[in-house]
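Me: I should like a close look at one part of this protein, namely one edge of a sheet and the strand beside it. Please then set that part in the context of the whole chain.

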Amino acid sequence: MTNKTIPLLEIRNLHANINNNKILRGVNLSIFEGEIHAIMGTNGSGKSTLSKVIAGHPSYDVIEGEILFQGKNICDLDPDLRSHLGLFLAFQYPVEIAGVDNQEFLEAIYNAKQVSMNLPKANPLFFYELLREKLKMVNLDESFISRNVNEGFSGGEKKRNEILQFALLDSILGILDETDSGLDIDALKSISKTINILMENKNKSIILITHYKRLLEYIKPDFIHVMQDGQIVKTGDATLANLLEEKGYDWLKPISN
Ligand SMILES: Nc1ncnc2c1ncn2[C@@H]1O[C@H](COP(=O)(O)OP(=O)(O)OP(=O)(O)O)[C@@H](O)[C@H]1O
C-alpha cells in the first residue's frame with residue numbers, strides 16, 4: 001500500500017551553493033510513493049546540482065531549506081546513510097573505478113546496505129544468483145561483472161550498470177540523471193522497460209532528469225517540472241513535454257531571485 005499522506009521526498013525552499021556560487025535558489029518539490037517525476041530544463045539550470053544535493057554530495061553547501069525523506073530532514077546525513085535509507089542516484093556521467101572489480105563493488109554496496117538494516121551479509125552463492133537475475137533484468141552480459149567498475153564500458157553499458165545498482169539495492173527513490181543520454185533506440189526501449197518493471201513495486205518513486213520527450217513516451221511521468229536558474233518554474237502533467245517540444249523554454253522565466 002502506498003503512503004499518500006507523507007511525501008517520500010519533500011524539498012522545501014532549498015538553496016545550495018558550490019564554491020560560493022549560488023546554484024539552487026529556492027527549490028520546492030514533493031514526491032509521493034509510486035510517483036514518477038520528470039525534471040527538464042535548459043542546460044545549466046541546476047538539475048544535476050539538485051540531484052547531487054539530494055544525494056549529499058560533499059562539494060555542495062545547503063544554505064537554506066530542508067530535504068525531508070520519509071518525513072525526516074536528511075541534510076546532515078552523509079551520502080552512504082542517505083543511500084541506506086533508500087535513496088539512489090544514477091549519475092549523468094558514471095565514473096570508472098580503475099582496479100575495482102564490478103562484482104566485488106556490487107557485493108560491497110549490497111552488503112553495506114544489509115548491515116545498515118541489521119541484516120546478515122549475503123551468502124556469496126545467494127548474491128551471485130541475485131546478481132545474475134538483476135543482470136538479466138537490465139540486459140547486461142555476465143562478463144560485465146568480472147570487469148572493473150565502468151572501465152572501458154560504452155556510454156550505454158555504463159547507464160545499464162547504474163540501473164543494475166538501482167535494481168540490486170532495491171532503493172525506494174531513484175534519481176536517474178540523463179539515463180537516456182547516449183543510448184541507442186533499442187537500449188532506450190530496453191532500459192525503459194526495466195525501469196517500468198522496477199516501478200511495478202508501487203512503493204518506489206523515481207525522478208527522471210531528461211532533455212528528451214522520447215524517454216517520457218516509454219516511461220510515463222505523473223508530473224513534469226521545469227527548472228530555470230535554480231528554481232522549479234513550472235509543473236504540469238505528461239502533456240507538458242509536448243508544449244516544451246513546441247515552444248522551448250524561453251516563455252518560462254525564473255520566479256524571483
Ligand atoms: N564548481 C562549480 N563552480 C561554479 N559553478 C558551477 C560549479 N559546478 C557547477 N556549476 C554551475 O552550476 C550550474 C548548474 O549546473 P548543473 O550541472 O546542475 O546543470 P544542469 O541543469 O544539470 O545542466 P545540463 O542540462 O547541461 O546537464 C551550471 O551553470 C554550472 O556551470
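Reply: The model is predicted, and the account begins at strand S6, which pairs with strand S9 (residues 173-177) in the parallel sense over 4 bridges. Within this pairing, Phe-88 is placed opposite Gly-174 of S9, and Ala-90 is placed opposite Leu-176 of S9. In general, the strands of a sheet are paired through backbone hydrogen bonds, in either a parallel or an antiparallel arrangement.

The two strands belong to an open sheet of 6 strands, whose order is S6-S9-S10-S3-S11-S12 and whose pairing is mixed. Strand S6 (87-90) lies at one edge and strand S12 (231-236) at another; each has a single partner strand, so one side of each lacks a neighbour in the sheet. From one strand to the next, the twist averages 20 degrees.

An edge position leaves open the matter of the faces of the strand: are the residues of S6 buried or exposed? Both faces of S6 are covered, since Leu-87 and Leu-89 on one side are buried, as are Phe-88 and Ala-90 on the other.

Beyond S9 the chain enters the loop that leads to helix H6 (185-198), and Glu-178 is found in this loop. Glu-178 has 21 C-beta neighbours inside 10 Å and therefore counts as buried, the cut-off being 20 or more. When neighbours within four places in sequence are left aside, Glu-178 is in contact with Gln-92, Ile-209 and Thr-210. His-211 is 33 residues from Glu-178 along the chain, while the C-alpha atoms of the two are separated by 7.5 Å.

A second sheet provides the next point of reference. In it, 4 strands form an open, antiparallel arrangement in the order S2-S1-S4-S5. Its edges are S2 and strand S5 (72-73), each with a single partner strand, so one side of each is without a neighbour in the sheet. S1 and S2 run antiparallel and are joined by 8 bridges, with Ile-11 standing opposite Leu-29 of S2.

Between strand S1 (9-18) and S2 lies a loop that contains Asn-19. Phi of Asn-19 is near 45 degrees, which is a positive value in a residue other than glycine. Asn-19 has 8 other C-beta atoms within 10 Å and is therefore exposed.

Asn-19 is also one of the residues around the ligand, a group that includes Ile-18, Asn-21, Ile-23, Gly-41 and Asn-43, together with the run Gly-44, Ser-45, Gly-46, Lys-47, Ser-48 and Thr-49. Strand S2 (21-31) and helix H1 (47-55) are the elements that give two or more residues to this shell. H1 gives the most, with 3 residues. By character, the shell divides into 2 nonpolar, 9 polar and 1 charged residue.

A further loop connects helix H3 (102-116) and helix H4 (124-138), and Lys-121 has its place there. Asn-118 is found in the loop between H3 and H4 as well. Phi of Asn-118 is near 60 degrees, again a positive value in a residue other than glycine. With 6 other C-beta atoms within 10 Å, Asn-118 is exposed, whereas Lys-121, with 13, is partly exposed. Apart from neighbours within four places in sequence, Lys-121 is in contact with Asn-111, Gln-114 and Val-115. Met-40 lies 81 residues from Lys-121 in sequence and 39 Å from it in space, C-alpha to C-alpha.

These parts may now be placed in the whole chain. The secondary structure of the protein chain amounts to 8 helices and 12 strands. A compact globule of 257 residues would have a radius of gyration near 18 Å, and the value for the protein chain, 18 Å, agrees with this. The C-alpha trace spans about 55 × 40 × 40 Å along its principal axes. Of the 257 residues, 39% are buried. Among contacts between residues at least 6 apart in sequence, 70% join residues at least 24 apart.

Key. Residues are numbered from 1 along each chain as its sequence is written. This is a predicted model: local features need pLDDT of at least 70, side-chain atom pairs count only at pLDDT 80 or more; totals for chains, interfaces and linings use all residues. Two strands pair if DSSP finds at least two bridges between them. Axes are lines fitted to C-alpha atoms, for helices over the stretch in contact, and angles run from 0 to 180 degrees between N-to-C directions. The radius of gyration is taken over C-alpha atoms; the globule rule is 2.2 Å times the number of residues to the power 0.38. A residue is buried if 20 or more other C-beta atoms lie within 10 Å of its own, exposed if 12 or fewer, and partly exposed in between; C-beta atoms are placed from the backbone. Two residues are in contact if their C-beta atoms, placed from the backbone, lie within 7 Å. A residue is near a molecule or strand if its C-beta atom, placed from the backbone, lies within 6 Å of it. Ala, Val, Leu, Ile, Met, Phe, Trp, Tyr, Cys and Pro count as nonpolar, Asp, Glu, Lys and Arg as charged, and the others, Gly among them, as polar.
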